[in-house]
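Dear colleague,

I am handing over the structure below, with notes on what was found in it. Please read the notes with the coordinates open.

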Amino acid sequence: MPTPATPALPALPVLQADCSQCFALCCVALPFAKSADFAVNKAAGTPCTNLRQDFRCGIHTSLRDKGFQGCTVFDCFGAGQQVSQVTFEGRDWRTHPDTRAPMFEAFPVMRQLHELLFYVAEALTRPEAAPAHPDLRRALATTEALTRSDAAALAALDVGALRQEINVLLLKTSELVRAKTPGRKKNHRGADLMGARLAGADLRGANLRGAYLIAADLSRADLRGADLIGADFRDTNLRGADLRATLFLTQPQLNAAQGTPTTQIPPHLTHPTHWT
């Protein structure tokens, strides 16, 4: 009998932020507190004082200098333009005030859906994870369909339950990929490694899920094949580190870290502009 054809993957929404197609949802819908990351307090649903009428940031080129480092770290995985242009069909919250509450409620849910799509799509690129690919394909199709839900359905979605289901598949992917990674595998899942001195460390295939790496020194470390999902990279020194072929590394994690243009990263991510 002929082998059944592999089902085609659904067309995914863009999983990188395009602020030109968004109604500044991260600048309005989300709250932030005065801290090292934000110069002021802002309540959810309240526009940032730096937001202009054209939905652009008035201090975009000097956010870090003005005390808004948190803004330079954040990434919505493309959820902003999906809500703005697909869920609400281009109706903005200023011209259509009735969209404010449902739009701001839908945005955080959509961001989680897009983040899950990002992880599942990456898992499907890993040939070592082939045994998990059928389930991953189904999860991708289900999650992609949810991104096309209306605002009411998004607000009612139990996205936490969906995350738990998909996490089982991502864990399986991690195990399969890391098993094929050379070297002794270190398990630092959820570990407190804040300020740890790990310069030049061999962390190939390590489990660093949810690890606290705040201000850790990972300069020149080899992280190829390491699972980095949920790892806290705030002010982590990644200068000279090798992050090629890492698992589930995201742009926000890189944005929060310190590095240089020569830090080796996966091809689907970009070097932050503050890495010099």
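Accessible areas here come from the Shrake-Rupley method with a 1.4 Å probe. On that basis the protein exposes about 13,500 Å², and carbon and sulfur atoms supply 54% of this area. Please keep in mind that this is a predicted model.

Overall fold

The protein has 7 helices and 0 strands, so from the N terminus on the order of elements is α-α-α-α-α-α-α. Its radius of gyration is 20 Å, close to the 19 Å that the globule rule gives for 276 residues, so the protein is as compact as a globular protein of that length. Along the principal axes, the C-alpha trace spans about 60 × 55 × 30 Å. Of the 276 residues, 47% are buried. Among contacts with a separation of 6 or more, 46% are between residues 24 or more positions apart.

Charge

There are 30 positive and 26 negative side chains in the protein. The centres of these two sets lie 5 Å apart.

Nonpolar cores

The largest nonpolar core holds 71 residues, and the ones that touch the most other members are L25, W93, F233 and L238. Two or more residues of this core come from each of α2 (79-87), α3 (100-123), α4 (133-146), α5 (151-156) and α6 (159-179). The largest share, 13 residues, is given by α3.

What does L25 contact, leaving aside its neighbours within four places in sequence? The partners are L30, G80, V83, S84, W93, M103, F104 and F107. A second, separate core has 6 residues, including F38, C48, L63 and F68.

Helix α2

Three of the L25 partners, G80, V83 and S84, are also listed among the buried residues of α2. In this helix 7 of the 9 residues are buried, so α2 is largely enclosed by the rest of the structure. Besides G80, V83 and S84, the buried residues are A79, Q81, Q82 and T87. The cover over the buried residues of α2 includes α3 and α5. After α2 comes E89, which has a positive phi, near 50 degrees.

Regards

Note on methods: Residues are numbered from 1 along each chain as its sequence is written. This is a predicted model: local features need pLDDT of at least 70, side-chain atom pairs count only at pLDDT 80 or more; totals for chains, interfaces and linings use all residues. Side-chain values use heavy atoms; hydrogens and water are left out. Helices (H or I, at least four residues) and strands (E, at least two) are DSSP runs, numbered from the N terminus. The radius of gyration is taken over C-alpha atoms; the globule rule is 2.2 Å times the number of residues to the power 0.38. Buried means under 20% relative accessible area, exposed over 50%, partly exposed in between (1.4 Å probe, protein chains only). Contact means heavy atoms within 4.5 Å. Lys and Arg count as positive and Asp and Glu as negative; His and the chain ends are not counted. The place of a charge is taken as NZ of Lys, CZ of Arg, CG of Asp or CD of Glu. A nonpolar core is a set of buried Ala, Val, Leu, Ile, Met, Phe, Trp, Tyr and Cys residues joined through side-chain atoms within 4.5 Å.
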